[in-house]
Amino acid sequence: MLRFRTAMLFLLGLTSSVCAQYTLTDFILWDYRDTSPGTITLPKYHEWLGSYCQGNPPPRLILYITDPCNPDPDSTQGWLKFYDPTAGVTDADGNLTFVGFLKQLQPHVSDVELLIDLTSFSASVTPNPSNSCWGGSPSGSSLEPAWLPSAFSRLPNTMGWLEALMQNVHLQNANPVQAFALDPEGSGGAPEYINIMLWLDKYKATTASPQVQALDISMTLAFEAHNLVKNCVAELPTPLASGSNWPASLWANMQANSGVANYYAQIQQGNGFLPWRTTTDSLLQRAYLQVYSACIAQRTPGSETSEFWRFAATSSDCDCNETATYTVQSGASVASNLVDVMQRTPAACGKGTIEASVSNQAVTLSGTNSIMPFMEGYTRLFLDGSSGPIPSSGVWKYMASDPPVADTAHVTGQIESSAGHSLPYTYTEISIDFRAPEMTDNSPDRIILMFSAEKNGLLPFFGWGTPSDFYSFITNFYASTQATTDATTVYMGGSGGLPVPHNRFGLYDLKQLCDNWGIGQYGTVICPGDGTLDGIVNLADILHAISFWGTSEQTADHNGDGIIGVQDLLVIVHSWGDC
Ligand SMILES: [Ca+2]
Ligand SMILES: [Ca+2]
């Protein structure tokens, strides 16, 4: 008989010993399950996840779905069997199904998003489209897949699976799924993201069952996509809204990209509106912005640039290459830096020096070993020193190729000083502008700032520190983002400055925080006698204990007396079978 194991003990000590203001259960949590935890099966893994969530319920869980209609490449994980949307709460062998998992999770977690990415419905499965796991409707060919990016051509299949799942009889009034999330990474950039969103928008309006129609649509995007995010979390006009126009920048984006021509034609036919739309709902009800503290090792002028998030980096580490290991910075300092970046206040030290020369109201910035990632017309740059700053205001836009191909940038902007300075500089490491006109007063409630508990290379992720470090950062960041004056706010809607909502912070992801913050053993079903940690107590565990006979191997010491002996074999025999 299936059951969730009682809550693990691993968090109890943690929550009582850290910052009283926050605990892990305050944060929206991702579980990408990108690494298969050992030999554990999907049912066993989800038993563990259910147990974790029962003891430490997140306000929202974003849960990655692995190719539900694919038997799986080596037929060992039983994806199709586990994810069968028409299944009961257990399969024919008595193992937990995804349906059963959701039903058991619902009393503890009331908001689950199902996350789909490029690998979630692989095109390599034959027949393609393969609808064999739910009965075949809607099919991959029935819903204009040509309007989708090729990488997401099987989104119709996904919706078929989702429809069947949401209508599963076992989940009626016991279903925690509130949203359908997409990670569009790799689908071709902003125009294709719009394609996916509009396809889903039309699907919901014209085809979806009431159960799917009720789901929120969400997407996770890099922070640099802030302009797209602003558009897609704002309410859109409808034909009923007199005097409104389709948001100007989204309109411009559609006109400029042939990839969205199908929808552009629809808008033209609809006199500027999408004909299926009858509400002002935003295209995305939830948008996750990956505020990852990425910091590439060193930028070479002319080479492809990447994220320059250095709000969590050592303040003097201008080239992100200073130390062998990342030194955790204070929460207050990290928060202050991020607020600066979101207010477009230059905060990151520049590498090398910059000289400004002025001629005919045009400025040329010449750098020596510099990094000048001018982006989207929002970059601000200060020259440090007694004769700086140049400029102190205005928008400094890079006029040539982006990223710069040389350490010389021709820029336009307000000129406040003469030429001839060769000085260190400070700049906005990533230009961000969460301001009107696209932002509405409701937009901030749809934006979730997502931080990372990873611990990777020299990158200043929060996984390098402790949960307390992260909570301290959030405490400071939240406190600093309640200002609502135009000058100090980070979000601004139609009525002016908007505070950052208190419950719009997410953490990526469960495996990372378990690994890096020492919380339990990710994905491992712990049961007495299971020395091999695979959720089953059998001969392998006997052999495991014998192989450590007489030692103090922790995984084989089932009675906890510090030595492997007969008593441990007795525990194994006593616990024989499934956990
Ligand atoms: Ca075992
Ligand atoms: Ca023992």
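Gln-290 has its bridge partner in strand β15, namely Met-450, and that residue makes a good way into this structure. Please keep in mind that this is a predicted model, in which local features need pLDDT of at least 70 and side-chain atom pairs count only at pLDDT 80 or more, while totals for chains, interfaces and linings use all residues. Residues are numbered from 1 along each chain as its sequence is written, and chains are lettered from A and ligands numbered from 1 in the order in which they are written.

**The overall picture**

The protein holds 15 helices and 20 strands. Helices (H or I, at least four residues) and strands (E, at least two) are DSSP runs, numbered from the N terminus. Of the 579 residues, 46% are buried. Here a residue is buried if 20 or more other C-beta atoms lie within 10 Å of its own, exposed if 12 or fewer, and partly exposed in between, with C-beta atoms placed from the backbone. Among contacts between residues at least 6 apart in sequence, 71% join residues at least 24 apart; a contact means that two C-beta atoms, placed from the backbone, lie within 7 Å.

**The barrel**

Met-450 also has a bridge partner on its other strand neighbour: in β18 this is Gly-506. These strands belong to a closed barrel of 8 strands, running β1-β2-β3-β4-β5-β6-β15-β18 with parallel pairing. Neighbouring strands of this sheet are turned by 25 degrees against each other on average, direction ignored. Two strands are said to pair if DSSP finds at least two bridges between them. The table follows part of the barrel, pair by pair.

| Strand pair | Sense | Bridges | A bridge partner pair |
|---|---|---|---|
| β3 and β4 | parallel | 5 bridges | Val-112 and Val-177 |
| β4 and β5 | parallel | 4 bridges | Leu-182 and Met-219 |
| β5 and β6 | parallel | 5 bridges | Leu-221 and Leu-289 |
| β6 and β15 | parallel | 4 bridges | Gln-290 and Met-450 |
| β15 and β18 | parallel | 4 bridges | Met-450 and Gly-506 |

How many residues of strand β15 are buried? In β15 (residues 447–452), 6 of the 6 residues are buried, so the strand is largely enclosed by the rest of the structure. Both of its faces are covered, with Ile-447, Leu-449 and Phe-451 buried on one side and Ile-448, Met-450 and Ser-452 buried on the other. Strand β5 (residues 216–222) is mostly covered, with 5 of its 7 residues buried.

**Helix α4 and its surroundings**

Helix α4 (residues 98–105) is largely enclosed by the rest of the structure, because 8 of its 8 residues are buried. The buried set includes Phe-98, Val-99, Lys-103 and Gln-104. Which elements cover them? Among them are α2 (42–55), α3 (79–83), β3 (112–116) and β4.

Two packed helices are described by the angle between their axes and the distance between the axes. For α2 and α4, the angle is about 10 degrees and the axes are 10 Å apart. Axes are lines fitted to C-alpha atoms, for helices over the stretch in contact, and angles run from 0 to 180 degrees between N-to-C directions. The two helices, α2 and α4, are therefore roughly parallel to each other; angles under 35 degrees count as such. On the α2 side the contact is made by His-46, Gly-50 and Cys-53, and on the α4 side by Phe-101, Gln-104 and Leu-105. By class, this contact has 3 nonpolar, 3 polar and no charged residues. In this scheme Ala, Val, Leu, Ile, Met, Phe, Trp, Tyr, Cys and Pro count as nonpolar, Asp, Glu, Lys and Arg as charged, and the others, Gly among them, as polar.

**Loops and backbone details**

The loop between α5 (155–166) and β4 holds Val-169. Val-169 counts as exposed because it has 8 C-beta neighbours inside 10 Å. Its C-alpha lies 9.7 Å from that of Val-99, although the two are 70 residues apart in sequence.

Asn-173 is found in the loop between α5 and β4 as well. With 5 other C-beta atoms within 10 Å, Asn-173 is exposed. Most residues other than glycine have a negative phi, and most peptide bonds are trans. Asn-173 has a positive phi of about 60 degrees although it is not a glycine.

Which peptide bond is cis? The bond from Tyr-508 to Asp-509 is cis, with omega near -25 degrees. Asp-509 sits in the loop between β18 (505–508) and α13 (510–516).

Definitions and conventions. Parallel < 35°, antiparallel > 145°, perpendicular 65-115°, else oblique.
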